[in-house]
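Welcome, and thanks for taking a look at this one. Below is a short tour of its charged side-chain pairs, followed by a view of the chain as a whole.

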Amino acid sequence: HMKKNNNNNLTLEQAFDKLNQIVEDLEKNNNTVEKMIELFNEGNELSHFCKKKLSNAEKLVSKVINKK
């Protein structure tokens, strides 16, 4: 059974680093199918997390720019 990863308290930089490590692990191709699926799912979660963080940052920057 797969554990739910708690990535919500990562910084964007930490999430990117973790995502890069997952990509490297997947590229090594020395994992079991189960481990590859686990890594893929964690990478997918991190990808969504990063996208959400970037979107929030973009909205914040837009608010600051529009206040001028």
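Let us begin with a pair in helix α1: the side chains of lysine 28 and aspartate 25 meet in a salt bridge, with 3.7 Å from N to O. Please keep in mind that this is a predicted model. Lysine 28 and aspartate 25 are three residues apart in helix α1, so about one helical turn separates them. Lysine 28 counts as exposed because its relative accessibility is 52%, and the cut-off for that class is over 50%.

Helix α2 has a pair of its own. Here the side chains of glutamate 38 and lysine 35 form a salt bridge at 3.9 Å, N to O. Both residues sit in helix α2, three residues apart, which is about one turn of the helix. How do the two partners rate for exposure? Glutamate 38, at 29% relative accessibility, counts as partly exposed, and lysine 35, at 36%, is also classed as partly exposed.

Now for a pair that joins two helices. The side chains of lysine 18 and glutamate 42 meet in a salt bridge of 3.4 Å, N to O. Lysine 18 belongs to helix α1 (residues 12–28) and glutamate 42 to helix α2 (residues 33–67), so this pair ties together parts that are 24 residues apart in sequence. Is glutamate 42 buried or exposed? At 12% relative accessibility, glutamate 42 counts as buried, because the cut-off for buried is under 20%. Its partner lysine 18, at 30% relative accessibility, counts as partly exposed.

Here are the pairs side by side; the structure holds three salt bridges.

| Salt bridge | Distance, N to O |
|---|---|
| Lysine 18 – glutamate 42 | 3.4 Å |
| Lysine 28 – aspartate 25 | 3.7 Å |
| Glutamate 38 – lysine 35 | 3.9 Å |

Stepping back to the whole chain, there are two helices and zero strands. What share of the contacts with a separation of 6 or more comes from residues 24 or more positions apart? Such residues account for 70% of those contacts. The salt bridge between lysine 18 and glutamate 42 links parts that are 24 residues apart in sequence.

Finally, a look at burial and surface. Of the 68 residues in the chain, 18% count as buried. The chain exposes about 5,700 Å², and carbon and sulfur atoms supply 54% of that area.

Key. Residues numbered from 1 in each chain as written. Predicted model: local features only at pLDDT ≥ 70, side-chain atom pairs only at ≥ 80, totals over all residues. Heavy atoms only, no water. Salt bridge = Lys/Arg side-chain N within 4 Å of Asp/Glu carboxyl O. Helix = DSSP H or I, 4+ residues; strand = E, 2+ residues; numbered from the N terminus. Buried < 20%, exposed > 50% of the residue type's maximum accessible area, 1.4 Å probe, protein only. Contact = heavy atoms within 4.5 Å. Areas by Shrake-Rupley, 256 points an atom, 1.4 Å probe, with all protein chains shown as cover.
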